[in-house]
Structures are given as structure tokens and as C-alpha cells.
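Thank you all for making time this morning. I would like to walk you slowly through one structure, and I ask you to keep the view open in front of you while I talk.

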Amino acid sequence: MLWPYVTPGIPDDLFERLPGIPMSKREVRLLLISHLRLQADSVVWDIGAGTGTIAVETGLLCPKGRIIAVERDEEVASLIRRNCDRFDLNNVEVIEGSAPECLKNLPQRPHRVCIEGGRPIKAILQEVWRYLQPHGRVVATAGNLENLYAISEGFAELQVRNIEVVQSAVNRLETRGLSQTFAAVNPIFILSGEKLD
């Protein structure tokens with residue numbers, strides 16, 4: 001078994017990757033997952049699933065749940081499926097489609113939504129909100145000022161409750177030549193909140 005632990009935080013090098021396809025680094029993933037507040041039977045939408053690290057981690061953490069990973073690129077969707085196969089997951093479904101347009105066709109309304117990508121991120125957030133179950137949670141990441149502003153504005157307009165915002169600041173020990181130095185992982189803003197109605 002590739003990851004025989006119940007603890008999240010699978011090392012990055014256990015995932016298959018494609019050049020240029022973003023991947024949530026392990027430490028950022030741990031923060032993001034903690035904000036999802038998963039339950040064993042959660043239905044999770046992972047929008048802009050990229051390499052599939054969140055889909056894999058949440059699939060392992062929610063053995064009775066269902067994870068729906070949305071990815072618009074066919075080759076990247078295949079990568080997510082391969083990563084799910086590496087970890088023997090059968091509760092993750094990969095949907096090829098562009099958000100927000102494809103969301104109306106997804107099979108189940110979610111308890112939790114993770115938004116890690118998508119150019120019209122505010123439009124995706126607004127559409128997700130329509131399907132999110134009462135008392136559901138949404139977690140969105142922003143790696144630039146424009147997305148941070150768009151998500152913040154969207155949260156305000158939708159009256160998202162119990163909002164939390166965290167910025168990751170992680171350094172990893174790396175070997176460079178003969179010495180070991182700390183290298184920064186790109187900082188990411190993680191915004192989360194609840195739908196209380």
C-alpha cells in the first residue's frame with residue numbers, strides 16, 4: 001500500500017505529475033483539508049483538481065463519502081484518475097468539464113467544496129453556492145491578489161458565515177550542493193466559510 005496511514009499529508013513525490021500542472025504542496029494541502037472539516041461520508045467537490053492531490057487525500061479521509069473532481073483538460077483528468085488508482089481509491093469520480101458551466105450536471109449536491117482553480121473564480125464560487133447543502137463549507141485558494149480580492153468580494157456578496165482566512169508561510173529543508181538550506185514554498189491564501197441557511 002502506497003500510503004498505509006490514516007494521517008493526511010502524503011509526500012508530494014508519491015503523486016504522478018505532468019509538467020506545468022499545478023500541485024498543492026503537502027503543507028498547504030494539510031491546511032486546506034483542515035478547513036474543509038470533513039466527515040466520513042462527506043460529498044466533496046474539488047474544482048480545478050489539477051494533479052488530484054486533494055481528491056486523493058479527501059478520498060482516503062472520507063471512505064464512505066464521494067469525491068467529485070472537476071478538471072477541464074482531458075490529459076489532466078487522466079492524470080487525476082492515475083493518481084487515484086495509485087492509492088486504490090474507488091470513491092473519486094473525475095468529471096471533465098469547465099466550471100462554472102458543468103456544475104449543474106454534477107451527480108450530487110456537496111457538503112464541502114474546494115475551489116483551487118478556474119479563471120472566473122468569483123463566478124465559480126457563486127454557482128457552487130447554489131448547490132452547496134445547508135451547513136456546507138467552501139474552501140478557496142488564492143495565489144495572487146486578483147483572486148484574493150475576487151473570493152473576498154464573493155464571500156461578502158453571498159453572506160458566507162464564519163469566514164476564516166489563512167496565509168501559508170512554509171519553508172522546507174532542501175539539499176543544495178553540499179549544504180542544506182530552507183527554501184520557501186509559494187505562499188497561498190486559504191479562505192473558508194459556511195452556508196448556514
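Let me begin with Val113, which has its place in strand β4, residues 112-115. Please keep in mind throughout that what you see is a predicted model. Is Val113 buried or exposed? Its relative accessibility is 0%, and because buried means under 20%, Val113 counts as buried. As for what surrounds it, if we set aside residues up to four places away in sequence, Val113 touches Leu36, Trp45, Ile47, Val128, Leu132, Arg137, Val138 and Val139. I would also point you to Val44, which lies 69 residues from Val113 along the chain, although the C-alpha atoms of the two are separated by 5.5 Å.

From there I move to helix α5, which covers residues 145-158 and so has 14 residues. From its first C-alpha to its last, α5 reaches 20 Å, close to the 20 Å expected at 1.5 Å a residue. Its buried residues are Leu148, Ala150, Ile151, Gly154, Phe155 and Leu158, and because they fall within an arc of 165° when seen down the axis of α5, they line one face of the helix. It helps to remember that an α-helix has 3.6 residues a turn, so residues three or four places apart point the same way. The buried residues of α5 pack against α4 (121-131) and also against the strands β5 (137-142), β6 (161-167) and β9 (189-194). On the other side of α5, by contrast, Leu145, Glu146, Tyr149 and Ala156 are exposed.

The two ends of this helix deserve a look as well. At the start of α5, a side-chain oxygen of Asn144 comes to within 3.3 Å of the backbone nitrogen of Glu146, while just after α5 we find Gln159 with a positive phi of about 60°.

Finally, let me turn to the empty spaces. The largest pocket has a volume of about 960 Å³, and of the 39 residues that line this pocket, the closest to its centre are Pro22, Gly48, Glu116, Gly117 and Thr141. The elements that give two or more residues to the lining of the largest pocket are α1 (26-36), β2 (66-71), α4 and β5, and you will recall that α4 and β5 are also among the elements against which the buried residues of α5 pack.

How many cavities of 30 Å³ or more does the structure hold? There is one, and the largest cavity, with a volume of about 30 Å³, is lined by Met1, Leu2, Trp3, Leu60, Phe87 and Asp88.

Definitions and conventions:
Residues numbered from 1 in each chain as written. Predicted model: local features only at pLDDT ≥ 70, side-chain atom pairs only at ≥ 80, totals over all residues. Heavy atoms only, no water. Helix = DSSP H or I, 4+ residues; strand = E, 2+ residues; numbered from the N terminus. Expected span 1.5 Å × (residues − 1). Buried < 20%, exposed > 50% of the residue type's maximum accessible area, 1.4 Å probe, protein only. Arc of directions from axis to C-beta. Contact = heavy atoms within 4.5 Å. Polar contact = N/O pair within 3.5 Å; in protein donor to acceptor, adjacent residues only side chain to side chain. 1 Å grid on protein atoms, 1.4 Å probe; cavity = no way out; pocket = protein on both sides within 12 Å on 5 of 7 lines; lining within 4 Å. Points joined across faces, edges and corners; volume = space filled by probe spheres on them.
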